[in-house]
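Here are some short exercises to work through with the model open beside you. Try each one before you read its solution.

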Amino acid sequence: MNIADSTAAPKWVTFQLLERCNLRCRMCYEWGETGAYHEHAKPAMLEPPLVMRTIDECLSAKPLFEFFGGEPLLYPGVFDLIERIRAGGCDVTFPTNGTLLEASAEDLVAAAPTRVWVSLDGPAEINDAQRGAGVFDRAIRGVAAVVRTRAARRKRLPELGVTFVVTPANYAHIESFFLGAIDLSLFTCASIELQSYATREQAVEYGRMLNEHFGVGATPCANGYIRDPACFAGIDTHELARQMQSVKRVCAEQGIAFHSQPRMFGVADLQHYFSSRWEAMTDWKPRCAVPWIAAEISARGDVTTCHTFYDLALGNIHEQSLLEIWQGARVKKVQALVRDQLFPICTACCRYYGGAGVLSTRRTDHA
């Protein structure tokens, strides 16, 4: 296979290294209150040699690599994977809940991933109400440890990003978090992202579509996203827009890259999002470019093109190489099917709002 052909390999390769996490964040679509993984008797994990083989297979195409979880820093051999990717001349990024950063600081700086996104959801009291007691302080100590270790080793990487997922419980605390609770200067980028969700009707139609076209019998991953839009009714969208704009302005003043999902967050767009009127949003579009550039590998080895919607398996790296799957009939069928339309659940995917232009970012409401 000619890797020089830009269509022969994905430009963006994400490994969900494991399903295991040390937290149970309330809003998480994996292990949260409605999370899809509670039904798993034994959380899955990709074997390190299989991940290494797949990395080596793709290196010459120079994709962006990402890790995912669960919590990626729980994965055995994660630093070996990072070193192999970096030695191959590629970037690698991943999200973390931050609780393991302090213990991992030396190894992280030595392995030098391009960027690590730290997930925090507000000042300590607010964050810990969603993520668990003491999580905020552990994450902040971890950030300080990485910054301190970088300075001692005279290293630039990893860059640190901070990401805030907006929920009904924390939307009023954006300014107090970014402009008071943390030292924003420790981060090179900041992200504010609306909580992903899908309506029950979307999930049902998605399941019907996958059954009709691909023979998929159940969609538990998609079902983990189901929320009644009424749960967002208490969010003051005027105040949310004001606080997001305030943080964006301060980031610009300090030279910190700012990212939001969706990119446009005026009051009307926020109201449309939280009331499931996605087609009225400025960022709405009738198709998504991601299935042409991105391959995502679940902890069970299943390959798909859609982030976290692992119900649609297009092949498995235990049985075929990633590049064989990428060139296979099921991937081509997905691309043909969504060439001029969306899957019913696409508006619940962070990549839909960023597409190809958000290759170094990641929604982390699971992390």
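**Exercise 1. Find which helix holds Arg 242, and work out how far Arg 242 lies in space from Gly 266.**

Step 1. This is a predicted model, so we're reading computed positions. Look along helix α9: that's where Arg 242 sits.

Step 2. Now check its surface. Arg 242 has a relative accessible area of 41%, so it counts as partly exposed. The cut-offs you need are under 20% for buried and over 50% for exposed.

Step 3. Go to Gly 266, which is 24 residues away from Arg 242 in sequence. From C-alpha to C-alpha, the two are 8.7 Å apart.

**Exercise 2. Check the length of helix α9 against what its residue count predicts, then describe its surroundings and its two ends.**

Step 1. Helix α9 covers residues 237-254, which is 18 residues. At 1.5 Å a residue, the expected span is 26 Å, and the end C-alpha atoms are 26 Å apart, so the two agree.

Step 2. Which residues are buried in α9? They are Thr 237, Leu 240, Ala 241, Gln 243, Met 244, Ser 246, Val 247, Val 250 and Cys 251. When you look at that spacing, remember that an α-helix has 3.6 residues a turn, so residues three or four places apart point the same way.

Step 3. What covers these buried residues? The cover includes β5, α6 (174-181), β6 (189-194), β7 (257-261) and α10 (267-274).

Step 4. Finish with the ends. At the N-terminal end, Asp 236 acts as a cap, with a side-chain oxygen 3.1 Å from the backbone nitrogen of His 238. Just past α9, Gly 255 has a positive phi of about 75 degrees.

**Exercise 3. Lay out the order of the strands in the sheet and name the edge strands.**

Step 1. Start with the inventory: the protein has 13 helices and nine strands.

Step 2. The open sheet has nine strands, in the order β7-β6-β5-β4-β3-β2-β1-β8-β9, and its pairing is mixed. The edge strands are β7 and β9 (303-304), each of which pairs on one side only.

Step 3. Walk through part of the sheet. Strand β2 (residues 64-68) runs parallel to β3, joined by two bridges, and Glu 66 stands opposite Thr 93 in β3. Between β2 and β3 the chain passes through helix α2 (residues 78-87), giving a right-handed β-α-β crossover.

Step 4. Further along, β5 and β6 are parallel too, with six bridges between them. Here Gly 161 faces Cys 189 in β6.

**Exercise 4. Decide whether strand β4 is enclosed or open to the outside, and trace its partners on both sides.**

Step 1. Count the buried residues. In β4 (residues 115-119), five of the five are buried, so the rest of the structure largely encloses this strand.

Step 2. Split β4 by face. Arg 115, Trp 117 and Ser 119 lie on one side, Val 116 and Val 118 on the other, and all are buried.

Step 3. Turn to β3 (residues 92-96), which pairs with β4 in the parallel sense over four bridges. The chain gets from β3 to β4 through helix α3 (residues 101-111), in a right-handed β-α-β crossover. Two facing pairs to look for are Pro 95 with Trp 117 and Thr 96 with Val 118. Strand β3 is mostly covered as well, with five of its five residues buried.

Step 4. Strand β5 (residues 159-166) is another parallel partner of β4, through five bridges. Val 118 has Val 162 as its bridge partner in β5.

**Exercise 5. Work out what the side chain of Glu 19 reaches, and why Cys 58 forms no bond to Cys 90.**

Step 1. Glu 19 is in the loop between β1 (12-16) and α1 (48-58). Its relative accessibility is 3%, so Glu 19 counts as buried.

Step 2. The side chain of Glu 19 comes to 2.8 Å from the backbone nitrogen of Ala 44. Glu 19 also makes a side-chain polar contact of 2.8 Å with Arg 300.

Step 3. Now the cysteines. Cys 58 is buried, at 1% relative accessibility. The closest cysteine sulfur to that of Cys 58 is in Cys 90, 9.0 Å away, which is too far for a bond. A disulfide needs sulfurs within 2.5 Å, and the count here is zero.

Methods. Residues are numbered from 1 along each chain as its sequence is written. This is a predicted model: local features need pLDDT of at least 70, side-chain atom pairs count only at pLDDT 80 or more; totals for chains, interfaces and linings use all residues. Side-chain values use heavy atoms; hydrogens and water are left out. Buried means under 20% relative accessible area, exposed over 50%, partly exposed in between (1.4 Å probe, protein chains only). Two strands pair if DSSP finds at least two bridges between them. A crossover is right-handed if, with the strands pointing away from the viewer, the path from the first strand over the helix to the second runs clockwise. A polar contact is a pair of N or O atoms within 3.5 Å; within protein, one must be able to donate a hydrogen and the other to accept it, and residues adjacent in sequence count only if both atoms are side-chain atoms. The expected span of a helix is 1.5 Å times one less than its number of residues. Contact means heavy atoms within 4.5 Å.
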